[in-house]
Amino acid sequence: MPRRFSRPWDSPPTPPLLPEVEIPWKSPAGPRIWARPWNSRADESTHDRPDVPARPFWATDPGGHDQVGCIYTAQGMEYAYNAVIMGGDLVRRGEQRIARPEKSQDPQLRGLPAHRYLQYALNTYRVLATRGSQGTRIYSTDAITQDYLQTLIRPYGR
């Protein structure tokens, strides 16, 4: 089964795509879940699903706006606005960043020692976080790390 950096990717290689990426969040109306599919694995568009662009075009085709791009298709691209979903492979505990390679979905990285994985993860997330020229949202699936991230930035409009 193919994997993304820190999340599984189980969608079939051709549409329809499954909403595999789920992010819970709190709104004034109560708890919500934001869910979207990964970008298509197909290298070419299918004529019966023009709303699902091929992998090389997901970031520039309007149909890709409802998909989540993986690290391998997002790197090297520039966006006005960007979002990064950090997995449990890199967490914050107190003043320390802790790498947990066993949480990676990439089999080649999962076996790295934590100190080597830390450098790889920090660089990867840094590259992804700098793709938005006007703004970037960062979300961690780890609740403690997400709480830490929220202390770094003043909420918009306040």
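**Figure 1. Overview of the predicted model.** Among contacts between residues at least 6 apart in sequence, 54% join residues at least 24 apart. The model shown here and in the views below is a predicted one. The protein holds 4 helices and 6 strands. Read from the N terminus, the order of these elements is β-β-α-β-β-β-α-α-β-α. Of the 158 residues in the protein, 39% are buried. The accessible surface amounts to about 10,000 Å², and carbon and sulfur atoms account for 54% of that surface.

**Figure 2. The largest nonpolar core and a separate one.** The largest nonpolar core has 17 residues, and those touching the most other members are Met-86, Leu-90, Tyr-117 and Tyr-125. At least two residues of this core come from each of helix H1 (71-74), strand E3 (79-86) and helix H3 (114-129). The greatest contribution is that of H3, with 5 residues. Another core, of 6 residues, lies apart from the largest one. Its members include Val-21, Trp-38, Cys-70 and Tyr-139.

**Figure 3. The second largest pocket and its lining.** This pocket encloses about 280 Å³ of space. It is lined by 16 residues, of which Met-86, Leu-90, Arg-97, Leu-122 and Leu-149 are the closest to the pocket centre. Met-86 and Leu-90 also appear in the previous view, as members of the largest nonpolar core. Each of E3, strand E4 (90-93), H3 and helix H4 (143-152) supplies at least two lining residues. H3 provides the largest share of the lining, 5 residues. Sorted by class, the lining consists of 12 nonpolar, 1 polar and 3 charged residues.

**Figure 4. Surroundings of Thr-145 in helix H4.** Thr-145 is part of helix H4. Its relative accessible area is 3%, under the 20% limit, so Thr-145 counts as buried. With neighbours within four places in sequence left aside, Thr-145 is in contact with Leu-90, Val-91, Arg-92, Arg-93 and Ser-140. Among these partners, Arg-93 is placed in strand E4.

**Figure 5. Surroundings of Arg-93 in strand E4.** Arg-93 belongs to strand E4. Arg-93 has 28% relative accessibility and is classed as partly exposed, because this value falls between the 20% and 50% limits. Not counting residues up to four places away in sequence, Arg-93 touches Ile-98, Arg-100, Asp-142, Ile-144 and Thr-145. Thr-145, one of these contacts, is buried. Arg-93 and Tyr-148 are 55 residues apart in sequence, and their C-alpha atoms are 8.7 Å apart in space.

**Figure 6. Pro-50 in the loop between E2 and H1.** Pro-50 sits in the loop that runs between strand E2 (30-36) and H1. Pro-50 is exposed because its relative accessible area, 65%, is over 50%. A separation of 7.7 Å lies between the C-alpha atoms of Pro-50 and Gly-63. Along the chain, these two residues are 13 residues apart.

**Figure 7. Gly-76 in the loop between H1 and E3.** Gly-76 is located in the loop between H1 and E3. The relative accessibility of Gly-76 is 63%, which is over 50%, so Gly-76 counts as exposed. From C-alpha to C-alpha, Gly-76 and Arg-131 are 7.9 Å apart. In sequence, 55 residues separate Gly-76 and Arg-131. H1 and E3, the two elements that bound this loop, each supply at least two residues of the largest nonpolar core.

How values were computed: Residues numbered from 1 in each chain as written. Predicted model: local features only at pLDDT ≥ 70, side-chain atom pairs only at ≥ 80, totals over all residues. Heavy atoms only, no water. Core = buried A, V, L, I, M, F, W, Y, C linked by side-chain atoms within 4.5 Å. Buried < 20%, exposed > 50% of the residue type's maximum accessible area, 1.4 Å probe, protein only. 1 Å grid on protein atoms, 1.4 Å probe; cavity = no way out; pocket = protein on both sides within 12 Å on 5 of 7 lines; lining within 4 Å. Points joined across faces, edges and corners; volume = space filled by probe spheres on them. Nonpolar A, V, L, I, M, F, W, Y, C, P; charged D, E, K, R; others polar. Contact = heavy atoms within 4.5 Å. Areas by Shrake-Rupley, 256 points an atom, 1.4 Å probe, with all protein chains shown as cover.
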